[in-house]
Amino acid sequence: MAAYENRQYLEAFRLWRLASEAGNPEADYRIGLLYAKNEGVIGSLPDAVAWYDRAALSGHIDAQFQLGLIYFHGVQAAVGPNRPEMWRQSTAARLGDKAASVHDLVFPNGTGVPRDLDTAFLWMSVAAEAGKAEAQAILGDMYANGQGCARDHATALRWYQAAAEQNAASGQFALGDVHYQGRGVPVDFAQAAAWYQKAAEQGHVRAQVALAFMSLKGTGLPANAEEAARLFQSAAAHDDTIALYNIALLRLSGKGAVKDLDKAETALRKAARKDYLPAIQALAEFYALGTAAEPDLREAAYWYEKAAERGDAQAQFFTGRFYATGTGVAPSIRQAAKWFERAAENGHATAAHNIAVFYLNGNGVTRDVAAAIKWFERASEGGISAAGVQLGRLYSAGNGVPRDQARAAEWLSKAADGGDADAKTAYAVFLIQDDPSEARLAQARTLLTDAAEVGHSAAAFQLGGLHMGRSGGPVDLPAAAQWFKRAASAGHVEAQHSLALLYSDPKSSLKDPQAATSWIVKAAEGGNAAAQFKLAVMYCTGQGVEQDLAQGVTWYEAAARQGHTTAQYNLAAMLGRGQGREADPAKAAEWFKAAAEQGMVEAQLALGDALRAGSGVAQDRDSALRWYRQAAQQNNEGALRRLQAMGESVG
């Protein structure tokens with residue numbers, strides 16, 4: 001032993017070999033330890049087993065116990081560079097059948113130890129019977145779990161008690177579990193706490209964690225958050241993941257421990273790096289909410305993705321959302337689709353709706369209406385009413401599926417029955433468009449009123465339209481104005497425009513030029529192209545506002561960019577003449593072309609003139625003729641005269 005204690009492992013090995021040859025089982029055991037610990041010899045548990053076996057057969061209790069442990073867990077042959085198993089595999093590939101003799105020579109005991117519960121039970125029993133306390137506790141576990149033997153809680157209890165009588169912490173902890181879970185005895189939390197306490201006082205980490213939970217919850221002993229924190233901290237010092245996670249939670253809340261966000265973060269990170277999912281989830285939330293300071297969305301995205309990779313559905317959904325919005329990560333619709341689909345497969349209803357939309361639109365995945373319908377149905381089953389609305393619209397329009405009004409009505413009705421205002425509005429619009437009978441209009445009016453009364457602006461807008469008589473119902477302009485105003489006041493741009501038209505109608509009893517101007521401005525600012533065009537006309541003519549050609553050009557341009565044909569033509573005309581803005585023939589030609597391509601005959605004629613004269617564009621007689629002919633085909637007399645003057649025919 002002196003040579004070993006002085007770390008002269010080769011000398012210790014030599015001396016123990018001599019003692020082994022003389023039949024000393026302690027020497028056999030010590031040589032086995034050298035192989036197990038890679039001290040003075042090439043580390044090899046299979047070789048250690050061979051030496052332990054010699055010692056165990058001679059009655060060496062520690063060797064028997066070590067054999068029991070090794071056979072209980074088994075030893076996987078390590079694969080990697082310079083590993084025996086890698087060499088064994090490569091020689092087998094090169095030498096074929098001849099390799100076996102080489103392997104037997106180099107590694108007579110093999111490169112791994114298969115798990116063998118029967119053999120483990122045999123040696124653990126021998127060591128336990130000989131009084132080895134650790135063996136007694138493990139043998140109790142084997143009886144409790146039916147490993148290598150028939151499950152027998154009574155015998156397990158006897159072995160736990162034997163270990164505990166020797167003051168073995170593992171036996172005391174096991175007795176705590178027995179009484180806590182009621183395994184072969186009545187549940188007794190107080191007795192469980194007493195045994196956990198004995199083990200915890202000896203530094204048994206799992207006992208400290210168990211006792212901490214009981215102290216925190218007041219189970220079997222008085223609730224004591226401070227004691228729970230002390231025990232969690234003690235176990236956390238040994239890097240126990242559950243203890244690290246729970247002391248972090250206590251430090252985050254200041255319960256039982258001084259609130260310390262930095263220490264909480266450190267503990268969470270330690271537990272998260274050990275792949276403990278609750279810690280990963282908590283750390284992601286910690287960074288997402290900015291618990292310690294400002295939110296750190298890059299860290300949040302990183303840890304949510306870690307949790308997502310471990311199958312957490314909510315984390316998969318959040319990760320999909322991060323990739324969809326580019327929050328904390330580079331945006332990637334493909335990655336967003338992947339994570340939404342994984343979350344959906346794990347039962348996340350909102351994720352199912354999202355991936356359905358992706359499949360419907362071909363975002364991040366190949367467009368697949370059948371897949372979209374499958375996920376919309378799953379989302380609807382999960383209570384997402386918007387999914388039912390989407391299904392109703394798909395079947396109603398025949399978008400990628402055969403048009404089926406009955407199925408459309410079924411899905412929209414189901415969604416509306418869930419009480420969602422948007423679903424009620426969608427179903428009402430379907431009823432109006434599908435069959436505007438008196439009965440259906442009444443049903444639609446009820447649905448829209450229900451939705452509008454809870455503040456749904458789109459429903460109020462639709463009600464305004466119904467009272468305008470748009471679907472054949474009775475006209476009631478005051479009621480229409482009332483509903484339009486509700487929607488408009490909530491920011492509904494189309495309602496703002498409709499209200500402006502109602503107030504500006506000279507035939508309406510509600511005519512109010514000042515109110516009309518106010519609402520047309522709001523609708524224009526809200527992006528309504530028709531309102532922008534109307535406001536441009538008002539500024540150019542001084543109708544309802546002070547004349548301002550520059551403002552007129554600005555609003556014509558806003559409407560033009562949204563594809564408003566007449567706005568494009570008027571903008572081109574003003575730019576060509578230099579009205580409200582410096583003349584710009586090139587821009588004028590561009591806008592004339594935009595309107596011409598939408599079929600506006602006046603724009604086609606104007607574009608032909610620009611091309612013929614080379615005004616703002618390169619002179620191009622052939623292109624001019626093409627646009628004149630298009631205008632002439634719409635019976636435009638100016639185009640016909642120009643073609644005649646150029647000696648050209650319409651065809």
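## Helices, cores and aromatic pairs in a predicted model

Ala618 has a relative accessible area of 61% and is therefore exposed. The model described here is a predicted one, and within it Ala618 belongs to the loop that runs between α35 (601-613) and α36 (621-632). Between the C-alpha atoms of Ala618 and Ala336, which are 282 residues apart along the chain, the separation is 47 Å.

**Two helices of the chain**

Helix α16 covers residues 261-273, and its 13 residues, taken at 1.5 Å a residue, should span 18 Å; the end C-alpha atoms are 18 Å apart, so the expected and computed values agree. At the start of this helix, a side-chain oxygen of Asp260 comes to within 3.2 Å of the backbone nitrogen of Asp262. The buried residues of α16 are Ala264, Ala267, Leu268, Arg269, Ala271 and Ala272, and the elements that cover them include α15 (241-253), α17 (277-289) and α18 (297-309). An α-helix has 3.6 residues a turn, so residues three or four places apart point the same way.

Helix α23, residues 385-397, also has 13 residues, and from its first C-alpha to its last it reaches 19 Å, close to the 18 Å expected at 1.5 Å a residue. Its buried residues are Ser385, Ala387, Gly388, Val389, Leu391, Gly392, Leu394, Tyr395 and Ser396, with α21 (349-361), α22 (369-381), α24 (405-417) and α25 among the elements that cover them. Just after α23, Gly398 takes a positive phi of about 70°.

**Positive phi outside glycine**

Most residues other than glycine have a negative phi, and most peptide bonds are trans. Against that background, which non-glycine residue takes a positive phi just after α16? The residue is Asp275, with a phi of about 65°, and it sits in the loop between α16 and α17. Its relative accessibility is 46%, and Asp275 therefore counts as partly exposed. Arg7, likewise a residue other than glycine, has a positive phi near 60°; it lies in the loop between α1 (2-5) and α2 (9-21), and because its relative accessibility is 66%, Arg7 counts as exposed.

**Aromatic and charged contacts**

Searching the whole structure gives 20 aromatic pairs. One of them joins Phe13 and Tyr35 in an edge-to-face arrangement, at 6.4 Å centre to centre and with 85° between the planes. This pair links distant parts of the chain, since Phe13 is in helix α2 and Tyr35 is in helix α3 (residues 25-37), 22 residues apart. Phe13 and Tyr35 are both buried. In the pair formed by Phe461 and Phe484, the ring centres are 5.8 Å apart and the planes stand at 40°, so the pair is tilted. Here too distant parts of the chain are linked, with Phe461 in helix α27 (residues 457-467) and Phe484 in helix α28 (residues 477-489), 23 residues apart; both Phe461 and Phe484 are buried. Beyond these pairs, one aromatic cluster is formed by Tyr304, Phe317, Phe318, Phe322, Phe340 and Phe358.

Arginine side chains also lie over the faces of aromatic rings, as the following table sets out.

| Arginine | Ring below it | Distance from the ring centre |
|---|---|---|
| Arg115 | Phe72 | 5.2 Å |
| Arg342 | Trp339 | 4.7 Å |

**Nonpolar cores**

In soluble globular proteins, nonpolar side chains tend to be buried together. In this model the largest nonpolar core has 157 residues, and those with the most contacts inside it are Ile355, Phe376 and Tyr556. Helix α25 (residues 421-434) gives the largest share of this core, eight residues. Which residues does Phe376 contact, once its neighbours within four places in sequence are left aside? They are His353, Ala356, Val357, Leu360, Ala387, Gln390, Leu391 and Leu394. Of these, Ala387, Leu391 and Leu394 are listed among the buried residues of α23, and α22 is one of the elements that cover the buried residues of that helix.

A second core, separate from the largest one, has 50 residues, including Ala12, Leu34, Phe72 and Met124. Phe72 is thus found in this second core and is also the ring over whose face Arg115 lies.

Conventions:
Residues are numbered from 1 along each chain as its sequence is written. This is a predicted model: local features need pLDDT of at least 70, side-chain atom pairs count only at pLDDT 80 or more; totals for chains, interfaces and linings use all residues. Side-chain values use heavy atoms; hydrogens and water are left out. Helices (H or I, at least four residues) and strands (E, at least two) are DSSP runs, numbered from the N terminus. The expected span of a helix is 1.5 Å times one less than its number of residues. Buried means under 20% relative accessible area, exposed over 50%, partly exposed in between (1.4 Å probe, protein chains only). Contact means heavy atoms within 4.5 Å. A polar contact is a pair of N or O atoms within 3.5 Å; within protein, one must be able to donate a hydrogen and the other to accept it, and residues adjacent in sequence count only if both atoms are side-chain atoms. Rings of Phe, Tyr and Trp (its six-membered ring) pair if their centres lie within 6.5 Å; planes under 30 degrees apart count as stacked, over 60 as edge-to-face and the rest as tilted. A charge sits over a ring if NZ of Lys or CZ of Arg is within 6 Å of the ring centre and within 35 degrees of the ring normal. A nonpolar core is a set of buried Ala, Val, Leu, Ile, Met, Phe, Trp, Tyr and Cys residues joined through side-chain atoms within 4.5 Å.
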